[in-house]
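Trainee: I'd like a close look at how the strands in this one sit together and what packs around them. Could you walk me through it slowly, one piece leading to the next?

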Amino acid sequence: MMADYTRQVKSILKAHGCTFVRYGKGDHERWYSPIINANFSIDGKIESRISANKQGLISVTRESTLGEDNVSKIVVIYKSKYGKTKRYAEWISEALNAPLFENANIKSHQLNNYDVVVYGGGLYAGGIDGIKLVTKNSCKSLIVFTVGVADPKDTDYTKILQKAFTSESLSKIKVFHLRGGIDYSKLSFIHKGMMAVMKKMIEKKPLAERDSDDVGVIETYGKDVDFSDKTTIEPLVEYVRTL
Ligand SMILES: Cc1cc2nc3c(=O)[nH]c(=O)nc-3n(C[C@H](O)[C@H](O)[C@H](O)COP(=O)(O)O)c2cc1C
């Protein structure tokens with residue numbers, strides 16, 4: 001059965017003068033485009049505008065993306081305990097001109113209203129805050145950003161990603177790591193306690209065995225540091241714009 005978006009793609013192609021030529025292999029069809037003066041294939045299972053555009057159907061209509069209402073529907077969702085992820089999410093939603101939701105204010109079924117979901121969560125003890133919203137529910141296209149106090153340049157995120165995603169889901173998404181900060185004067189009682197325990201454990205390690213995260217925790221302990229940098233959203237924003 002043809003996926004829903006295939007029908008829409010065909011009507012857009014017809015509106016640009018493209019015509020059906022013959023059935024191809026499997027559920028593919030061969031069509032002719034007068035614009036490129038050549039035949040091309042259409043997959044019978046086009047699920048979204050994004051997959052249509054990824055298949056190169058842009059070139060046969062010479063539009064930047066398919067259709068009139070063709071701008072991908074993007075949403076930015078975040079979970080933030082102390083505001084650093086929230087601020088990045090606000091910058092990203094502004095740059096992409098996309099609606100912004102706090103994790104708690106969007107229902108899982110609403111995710112399907114969007115072609116692209118950009119999800120941001122603060123890092124807490126190696127977990128991405130609230131990530132289950134997008135791992136337990138399907139998104140057409142998912143982009144994730146994490147916000148932690150550690151410097152992404154020196155941090156190995158393998159374990160964090162393995163904890164949050166299956167290897168199959170990880171292969172389908174794109175992840176960006178942004179740097180936030182920490183203000184000890186604002187931490188909850190429990191978080192202060194967790195950081196104190198973490199510091200004690202790190203101090204027990206010989207210097208040579210401490211990794212860059214450990215050094216970061218010791219250096220920033222008890223302080224108010226903020227490494228947030230608006231320019232670091234650019235690779236994510238550029239990536240989403242290419243979808
Ligand atoms: C209890 C606790 C655990 C944390 N664990 C990590 C961590 O594993 N990796 C990291 O980079 N930052 C860690 N952080 C720092 C936060 O990720 C950082 O403060 C971030 O900016 C928080 O974002 P938010 O303000 O949006 O919640 C931790 C902070 C606290 C209080």
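**Strands and their neighbours**

Mentor: Let's start with a single pair: Tyr32 sits across from Asn39, a residue of strand S3. Keep in mind that this is a predicted model. The pair belongs to a run of 5 bridges between S2 (residues 29–33) and S3, two strands that run antiparallel. Step back a little and you get an open sheet of 3 strands, ordered S1-S2-S3, with antiparallel pairing. S1 (19–23) and S3 (38–42) are its edge strands with a single partner strand each, so each has one side with no neighbour in the sheet. On average, neighbouring strands here are turned by 35° against each other, direction ignored.

Now zoom in on one residue of that edge. Ala38 is part of S3. Ala38 has 11 C-beta neighbours inside 10 Å, and because 12 or fewer is the cut-off for exposed, that is how Ala38 is classed. Cys18 is 20 residues away from Ala38 along the chain, and the two C-alpha atoms are 9.9 Å apart.

Before we go to the other strands, here's the wider setting. The protein chain holds 9 helices and 11 strands, and 29% of its 243 residues are buried. If you take the contacts with a separation of 6 or more, 67% of them link residues 24 or more positions apart.

So let's look at S6, the strand I'd like you to spend time on. In S6, 7 of the 9 residues are buried, so the rest of the structure largely encloses this strand. S6 pairs with S4 in the parallel sense over 6 bridges, and one match to look for is Val76 with its bridge partner Val118 in S6. S8 also pairs with S6 in the parallel sense, again through 6 bridges; here Gly120 has Phe145 of S8 as its bridge partner. Then there is S7 (residues 127–128), which runs antiparallel to S6 and is joined to S6 by 2 bridges. Leu123 stands opposite Ile128 of S7. The hairpin of S6 and S7 has 2 residues between the strands, and Ala125 takes a positive phi there, near 45°.

Next, follow S4 with Ile74, which lies in that strand. Ile74 has 21 other C-beta atoms within 10 Å, and because 20 or more is the cut-off for buried, Ile74 counts as buried. Beyond its neighbours within four places in sequence, Ile74 contacts residues including Leu96, Tyr114, Val116, Val118 and Val240. Asn97 is 23 residues from Ile74 along the chain, yet their C-alpha atoms are separated by 8.4 Å.

Asn97 brings us to a helix. Asn97 follows H3 and has a positive phi, near 55°. H3 covers residues 84–96, and at 1.5 Å a residue its 13 residues should span 18 Å; the end C-alpha atoms are 19 Å apart, so the two agree. Its buried residues are Lys84, Thr85, Tyr88, Ala89, Trp91, Ile92, Ser93 and Leu96. H3 also packs against H9, at an angle of about 40° and with the axes 10 Å apart. The crossing is right-handed. From H3, Ile92, Ala95 and Leu96 make the contact, and from H9, Leu236, Val237 and Val240 do.

Go back to Val76 and you can see strand and helix come together. Setting aside residues up to four places away in sequence, Val76 touches Ala89, Ile92, Ser93, Leu96, Ala98, Leu100 and Val118. Val76 and Val118 turn up again in the largest nonpolar core, which has 35 residues: together with Ile92 and Val117, they touch the most other members. Among the elements that each supply at least two residues to this core are S4, H3, S6, S8 and H9. A second core, separate from this one, has 8 residues, including Val9, Leu13, Ile42 and Ile46.

For contrast with S6, finish on H7 (residues 189–204). The number of buried residues among its 16 is 0, so H7 lies largely in the open. H7 should span 22 Å at 1.5 Å a residue, and its end C-alpha atoms are 23 Å apart, which agrees.

Terms used: Residues are numbered from 1 along each chain as its sequence is written. This is a predicted model: local features need pLDDT of at least 70, side-chain atom pairs count only at pLDDT 80 or more; totals for chains, interfaces and linings use all residues. Helices (H or I, at least four residues) and strands (E, at least two) are DSSP runs, numbered from the N terminus. The expected span of a helix is 1.5 Å times one less than its number of residues. A nonpolar core is a set of buried Ala, Val, Leu, Ile, Met, Phe, Trp, Tyr and Cys residues joined through C-beta atoms within 7 Å. Two residues are in contact if their C-beta atoms, placed from the backbone, lie within 7 Å. Two strands pair if DSSP finds at least two bridges between them. Axes are lines fitted to C-alpha atoms, for helices over the stretch in contact, and angles run from 0 to 180 degrees between N-to-C directions. A crossing is left-handed if the near helix is turned anticlockwise from the far one by less than a right angle, and right-handed if clockwise.
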